[in-house]
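Here is a friendly briefing to read alongside the picture. Keep the sequence and the 3D view open, and look up each residue as you meet it.

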There are 2 protein chains.
Amino acid sequence: MRYSRQRELIIEIIKGRKDHPTADMIYYSAREQEPNISLGTVYRNLKQLAEEGVIITLETEDKRLHYDGDTSRHSHFICNGCGKIIDLFKPANVPSEIKYAGLTVTGEKCVYYGLCGNCQ
Amino acid sequence: MRYSRQRELIIEIIKGRKDHPTADMIYYSAREQEPNISLGTVYRNLKQLAEEGVIITLETEDKRLHYDGDTSRHSHFICNGCGKIIDLFKPANVPSEIKYAGLTVTGEKCVYYGLCGNCQ
DNA sequence: ATATTAATAGTAATCATTACTGATAACGAT
DNA sequence: ATCGTTATCAGTAATGATTACTATTAATAT
């Protein structure tokens with residue numbers, strides 16, 4: 001994986017924000033510093049970074065992939081009102097059932113839906 | 001919501017299977033009994049049924065929506081080897097953090113990734 | 001039975017994402 | 001430092017899942 005200015009910028013953007021941006025949100029942000037960066041470059045790098053485990057993907061009900069620069073184990077809460085995604089850094093334990101079923105868990109994606117303080 | 005033979009068939013198919021089929025899997029299954037049913041009809045009804053809460057959607061890393069006829073509270077395990085989706089009927093508790101953050105939870109989607117017994 | 005209007009089959013359009021292509025740039029070897 | 005190799009880029013075309021559209025059919029209340 002060779003260095004590139006564009007990729008470095010993309011990493012910096014994702015790691016620097018606590019919301020969970022989609023590819024095009026990252027694209028628009030990147031264009032502020034790198035006006036000629038292409039959307040394809042953003043998508044290609046995001047995909048690559050996610051495969052490498054540098055960032056994490058979050059599949060939501062809005063049909064677009066959200067990206068998260070924080071790779072530590074945590075869950076998410078998504079507000080049905082405003083769409084905001086909130087990190088939950090004290091995730092629940094893995095269901096006990098898993099060990100009995102002979103399954104090896106390597107990752108988890110727990111998303112809770114509901115209303116945030118502002119929206120209820 | 002008026003009765004229709006096609007919708008009834010779609011419901012019957014989803015409720016009758018324990019895998020978590022995608023729209024086109026349901027489409028091909030439906031065509032065995034209703035050879036002229038259209039893919040659009042399948043998609044339209046699945047969307048409607050999910051909105052009504054009759055079925056549940058599952059957003060996975062394979063970029064297609066999976067549907068689940070079981071609306072009881074449960075989690076899922078997805079095997080990275082064979083792609084099989086396994087139900088976990090003893091889901092973990094909601095993270096304690098949520099009540100302190102003033103969030104109201106109305107739904108959850110927990111997906112665990114790893115390897116099933118056959119694939120490890 | 002008739003009128004109203006969801007629902008359908010079939011097809012076109014949308015939209016996020018990925019693939020392609022010729023040009024550019026990173027970087028190890030000379 | 002220059003050269004050669006090749007990953008990466010910008011720009012654009014293609015893909016694939018899903019949704020919207022349209023004329024027709026069928027469910028159901030009156």
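Helices (H or I, at least four residues) and strands (E, at least two) are DSSP runs, numbered from the N terminus. With that in hand, you can find the largest share of the surface near DNA strand D: helix 3 of chain A supplies four residues of it. This is a predicted model, in which local features need pLDDT of at least 70 and side-chain atom pairs count only at pLDDT 80 or more, while totals for chains, interfaces and linings use all residues. Residues are numbered from 1 along each chain as its sequence is written, chains are lettered from A and ligands numbered from 1 in the order in which they are written, and side-chain values use heavy atoms, with hydrogens and water left out.

**Around DNA strand D**

- A residue is near a molecule or strand if one of its heavy atoms lies within 4 Å of it.
- DNA strand D is surrounded by 20 residues, and the closest are A:Ser4, A:Arg7, A:Thr41, A:Arg44 and B:Tyr43.
- Helix 1 (5-16) and helix 3 of chain A, together with helix 3 of chain B, each give at least two residues to the surface near this strand.
- That surface divides into five nonpolar, seven polar and eight charged residues; here Ala, Val, Leu, Ile, Met, Phe, Trp, Tyr, Cys and Pro count as nonpolar, Asp, Glu, Lys and Arg as charged, and the others, Gly among them, as polar.
- Sugar or phosphate accounts for 76% of the atoms of DNA strand D within 4 Å of the protein, and the rest belong to bases.
- An N or O atom in the side chain of A:Ser4 is 2.6 Å from a phosphate oxygen of DNA strand D.
- Backbone N or O atoms take part as well: one of B:Tyr3 lies 3.2 Å from a phosphate oxygen of DNA strand D, and one of A:Asn36 lies 3.5 Å from a phosphate oxygen of that strand.

**Around DNA strand C**

- Which residues are the closest to DNA strand C? Among the 20 residues that surround it, they are A:Tyr43, A:Leu65, B:Ser4, B:Thr41 and B:Arg44.
- A polar side-chain atom of B:Thr41 lies 2.4 Å from a phosphate oxygen of DNA strand C, and one of B:Arg7 lies 2.9 Å from a phosphate oxygen of this strand.
- For A:Leu65, a backbone N or O atom lies 2.8 Å from a phosphate oxygen of DNA strand C.
- Two or more residues of the surface near DNA strand C come from each of helix 3 (39-52) of chain A, helix 1 (5-16) of chain B and helix 3 (39-52) of chain B.
- Helix 3 of chain B gives the largest share of that surface, four residues.

**The sheet and the core**

- Two strands pair if DSSP finds at least two bridges between them.
- Six strands make an open sheet in the order 4(A)-3(A)-5(A)-5(B)-3(B)-4(B), with mixed pairing.
- Strand 4 of chain A and strand 4 (85-88) of chain B stand at the edges with a single partner strand each, so one side of each is left without a neighbour in the sheet.
- Strand 3 of chain A runs antiparallel to strand 4 (residues 85-88) of chain A, joined by four bridges, and A:Ser75 stands opposite A:Leu88.
- Strand 3 of chain A runs parallel to strand 5 of chain A, also joined by four bridges, and A:Phe77 stands opposite A:Tyr112.
- A nonpolar core is a set of buried Ala, Val, Leu, Ile, Met, Phe, Trp, Tyr and Cys residues joined through side-chain atoms within 4.5 Å.
- Buried means under 20% relative accessible area, exposed over 50%, and partly exposed in between (1.4 Å probe, protein chains only).
- The largest nonpolar core has 18 residues, and A:Phe77, A:Tyr112, B:Phe77 and B:Tyr112 have the most contacts inside it.

**Two lysines to look up**

- Most residues other than glycine have a negative phi.
- A:Lys63 has a positive phi, near 70 degrees, and is exposed, with a relative accessible area of 68%.
- B:Lys63 also has a positive phi, of about 70 degrees, and counts as exposed at 64% relative accessibility.

Key
A polar contact is a pair of N or O atoms within 3.5 Å; within protein, one must be able to donate a hydrogen and the other to accept it, and residues adjacent in sequence count only if both atoms are side-chain atoms.
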